[in-house]
2 protein chains.
Amino acid sequence: MEAGVYIQASCGGEGVCGKCKVLIEKGEVESFRGPKISAEEFGQGLRQACQTRILSDLEVRIPVESELDKRFIARTRERVVAGRKVSHQELESLVLGWCFSPALRKQYVEMEPPTLKDNRSDLSRLLLALKKLYGLEGISVDSRLLKNLPFILREAEWRVTATMVQTRMESQLGEYQLRGSRRTKLIQLEAGDTTKEHYSIVLDIGTTSVWGQLLDLNSRQTLAEASDYNPQIRYGDDVISRIVYSQKPGGLKKLQESVVGTINGIVRELAAKSKIDLARVSHMTAAGNTIMTHLLLGLDPKYIRESPYTPVANFIPPVRAEEVGLEVGEHVHLYTFPSVASYVGGDIVSGILGSGIYQRKPLTLYIDIGTNGEIVIGNSEWMVTAACSAGPAFEGGGIKHGMRATLGAVEDFRLNPVTFEPMLLTIGMVKPKGICGSGLINMVAEFLEAGVISPKGKFNVDLPTPRIRQGSDGMEYVLAYGEDAAIGADIVVTEVDIENLIRAKAAMYAGYVTLLQSVGLAIGNLEQVVIAGAFGSFIDVERAIAIGLLPELPLDRFLFIGNGSLLGARLISFCNEMLDDGERICRMMTNVELSESPSFMDNYVAAMFLPHTNLEEFPGVRARLAERKEIFTTETQRAQR
Amino acid sequence: MEAGVYIQASCGGEGVCGKCKVLIEKGEVESFRGPKISAEEFGQGLRQACQTRILSDLEVRIPVESELDKRFIARTRERVVAGRKVSHQELESLVLGWCFSPALRKQYVEMEPPTLKDNRSDLSRLLLALKKLYGLEGISVDSRLLKNLPFILREAEWRVTATMVQTRMESQLGEYQLRGSRRTKLIQLEAGDTTKEHYSIVLDIGTTSVWGQLLDLNSRQTLAEASDYNPQIRYGDDVISRIVYSQKPGGLKKLQESVVGTINGIVRELAAKSKIDLARVSHMTAAGNTIMTHLLLGLDPKYIRESPYTPVANFIPPVRAEEVGLEVGEHVHLYTFPSVASYVGGDIVSGILGSGIYQRKPLTLYIDIGTNGEIVIGNSEWMVTAACSAGPAFEGGGIKHGMRATLGAVEDFRLNPVTFEPMLLTIGMVKPKGICGSGLINMVAEFLEAGVISPKGKFNVDLPTPRIRQGSDGMEYVLAYGEDAAIGADIVVTEVDIENLIRAKAAMYAGYVTLLQSVGLAIGNLEQVVIAGAFGSFIDVERAIAIGLLPELPLDRFLFIGNGSLLGARLISFCNEMLDDGERICRMMTNVELSESPSFMDNYVAAMFLPHTNLEEFPGVRARLAERKEIFTTETQRAQR
């Protein structure tokens, strides 16, 4: 960690995932061999990093399968998927009532210098000029501004640029706040006319990665984009392990500092790429799930994890970015998207805002698939929401050779239906290192359609291929033999992996169904499915339907919006009026705790088949499976003849 | 300074006043003999501290005449004067519309713990309870509160006390701000019911001394009072020398830290005297002149001293006390009284508020006599104000044996009209050390009436007394010979001293007249004179009229209100509604720069006599002088016969 080297640590240092194996080449350690490391590996010097105590200076080799490659994270922005692609322009037109009116305002002011006849205070002079020139009244003033005020005014010969922000009276009570209650606050003063340099930074604080964009508040252009892994990954893959870590001594502080450090890096990168002076950045907007928002602000997420799952706050007053540790001007305020509940966060609110679902009639299912899957169902009249804990399978967690969607991950897969030999496509087109979540979905869909696995996810051991074999964890399919793999060992998909994927997709599907049932509706009522999130961007809709992760609906009803969180944050940066919409969305949403719903478990069990126990819900898949079976049978007979 | 020893330093270290003489008993220094130190003194080891560089460890004796005695500062609270004394109760009834409604509010809240059916955020739960129980809505929240919120709520079993403050939208534009624009902000949360412990601290930050009171916001009682010198005295007696010091490297910081340190001491003393826990103090209010307010908040007063004399700000948004360095809870806000102009500060606004002048018809002259004399003239319809630089004579500055009104200062004086021998009364009734301002007024009035000095302030050298003699600075009167004096040397009043007093009183009087003329009125139109301030409390009205410092009006038109600054601060602490009145007063007042008024110099020259060139304005004094002259002439003739 301290050397800045990323090591996979799916289990957060608990020692159970075995992902953090490293080779000790030199030096002395104290370690023990757990079940995730073989005697042979141990003999070669491999150790689980999290289970190893350093006793001297070391030379450590990070095995290739433990690496995360930062270069490939940027790839998640491409939408090379089935379903409807949405262009950048179109994305911003999904929401209605959008207008260009940033919360931040820069005004150039020229004043007459004071005289004995008019020796009002410097501040009064400035405010009077703002009133005369721009009709601005009742402005409050950040008292930090006062210290330099007389000097800036005189050095600039009474020609300055004032930056003002619209703040508001926060109400946490669930009522819709009137627009009239905004306040204008003077937060920065610059010598001369700097109105042409007026920037905002928007951030998506994801559990896995952090995205940032630098926006020009004059030209409305995105000047730069940057991203990085959320370094909190070191402390656990999912939000629950982060909460667990935050309860260790100093844990909360470490988690906050690590993500803030990464944001600072992104901010510097944005400034460098766009060649702007960071001092001209006036505002920051961040969207993240409830836990990421808590950790960013240093709020203790302890009670989010304990029933009845209460966050400290859903609506958080804007804070000064500097107080959080962000290295921007002391006048910069950070606005964080409000959350709905412990597991339905500001990222979802941001996405709902950006997609305009809350403004339109069609009944829409909005999903962000991931370890913590988030589901919203509704339209302009009502919305219900739920979070469902799908487990880490979609992100390669709990999968024997699972990995994130980075260099070397198998992401596409075809099966020769006769020889059962694989055709692999990896990210970066290099030797395979492992399997990412979308790759696994594609494999399982292929396996199912080719009859390699049963609807229960069990391998057909009668097939004439050596790739299906007994492995250390049960039956498995060899995706790549050692000589073909970057890791120098066989890469396999096991029945346990498939079962984990089935659990994950079943949780998501049961979530949709339970949420629909809670309002007396069913899958058939859905008129639109909006898929948000990095993972969603890579999904092949047809195959996701084939395994029962997505409901079977006509393909043109699916819409991919990519990073919904960043989308909403951009909108709010450009259009302050949208703030009200963001908060209105929170108040419209009714949160359903799936774990407390008696029907959820039934729906879950029913979804533990491929694609589903009730094939009525997947007529297309059923037909295709039947057709394929027939073909395969014929082919096989022909081959046997 | 660093040893915490007070040394008089009237000139702020410029080396011109000669007040800071110290005796070097041991050790090595580098120094030079200026005109203020005799060769004999220099030979004895006396040095001007401000002109001396320390070269080794030293033993230094502080001569008795250089000391300030803290014990006697408290004495300024007594009003042993002519004119109308005002009782404490009466003082608070001078202003109309006073009601008990502090800006700070404490409410006890009991909540139901969260359940799965109601797992709103902790903050929402609290705010909902405040709404349900007390009808409070649209509350904003200090984000600092969020970090401990979940723990306080749970440890206190959902029974807490919320402290809220009414803040406001600041307008610096001279308009009267509507009451409706207040905001309620939640600033503190305490476990259990602490509503019975609810305190406020009020402060008067004077150029010379700092006063504090601890108020019980439940019982409306003053629980304790404490005071101390303003330690900035070390850096100069008057506001101008403080501004000069603030411009030295690190000067502003030192000035701020020194006064903040003293306030912290006063705050601790208040807590100790009243036996309350400082954590229960919810609010602070401070009144001070514009320069003291700037220095307290760390605002640079540089341009207050340079024409056209502009302060940084007159209306200052409330700041968190902790940010200023005050050692109170981080939730405590400091409200500083708004100022009118560079030399008409919040202390005057506070006094005008407390005296209720702005609410009543009678034309009133409000004065605070001092180095920087402040004058307000007006009533409920209009007010004009001016500051006049009277020089330090009233505070013993620029007077050969001048000193502050502390132990050993001659404060009362009678003259035997035949022998011209003095009768002295000193503060503490000890051997005289020197002469304080009010003492000097009494002496000059006696001298004038006894014919010892002419209306121009020159000694009658023909009088048969050895006390009138030629001294090193010209003619002088020996008040006390060395054997009678605490300083072991003669204490004298010189013609230069008298001239300095005449200049000071002339500046004040010319100020009243010029200000009255600016609105087309004259002294005779005044229906009331309100005298505020520590110095004013000691003035003998008849003698002040006799020398022409106060206008000649019937004695029952004079009202002494003592520390007007503290009076207004108390009112605002108890009655938040009065905040509006304070700001309204600022906006009502028209500031007149006397130095820019062409008639001021004429009025000043006319006032450079005792009592005045135009004796029509002092008919009573004229009659008394004529009568006395007649008696003296008769007495003298009789004696000669």
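Which residue in strand 3 of chain B is the bridge partner of Val22(B)? In this predicted model, that partner turns out to be Arg47(B). The two strands involved, strand 1 (residues 21-26) and strand 3 of chain B, run antiparallel to each other and are joined by three bridges. As a bit of background, strands of a sheet pair through backbone hydrogen bonds, and the pairing can be parallel or antiparallel.

Zooming out a little, these strands belong to an open sheet of three strands in chain B, with the order 3-1-5 and antiparallel pairing. Strand 3 (46-48) and strand 5 (59-61) sit at the edges with a single partner strand each, so one side of each has no neighbour in the sheet. From one strand to the next, the twist averages 45°.

Over in chain A, helix 6 covers residues 251-274 and offers a handy check on geometry. Its 24 residues, at 1.5 Å a residue, should span 34 Å, and the end C-alpha atoms are 35 Å apart, so the expected and computed values agree. Just after this helix comes Lys275(A), which takes a positive phi of about 55°. In general, an α-helix has 3.6 residues a turn, so residues three or four places apart point the same way.

Another lysine of chain A is found in a loop: Lys433(A) lies between strand 20 (422-426) and strand 21 (434-435). Is Lys433(A) buried or exposed? Its relative accessibility is 9%, and because buried means under 20%, Lys433(A) counts as buried. As for contacts, the side chain of Lys433(A) reaches the backbone oxygen of Leu407(A) at 3.5 Å.

Key: Residues are numbered from 1 along each chain as its sequence is written. Chains are lettered from A and ligands numbered from 1 in the order in which they are written. This is a predicted model: local features need pLDDT of at least 70, side-chain atom pairs count only at pLDDT 80 or more; totals for chains, interfaces and linings use all residues. Side-chain values use heavy atoms; hydrogens and water are left out. Helices (H or I, at least four residues) and strands (E, at least two) are DSSP runs, numbered from the N terminus. The expected span of a helix is 1.5 Å times one less than its number of residues. Two strands pair if DSSP finds at least two bridges between them. Axes are lines fitted to C-alpha atoms, for helices over the stretch in contact, and angles run from 0 to 180 degrees between N-to-C directions. Buried means under 20% relative accessible area, exposed over 50%, partly exposed in between (1.4 Å probe, protein chains only). A polar contact is a pair of N or O atoms within 3.5 Å; within protein, one must be able to donate a hydrogen and the other to accept it, and residues adjacent in sequence count only if both atoms are side-chain atoms.
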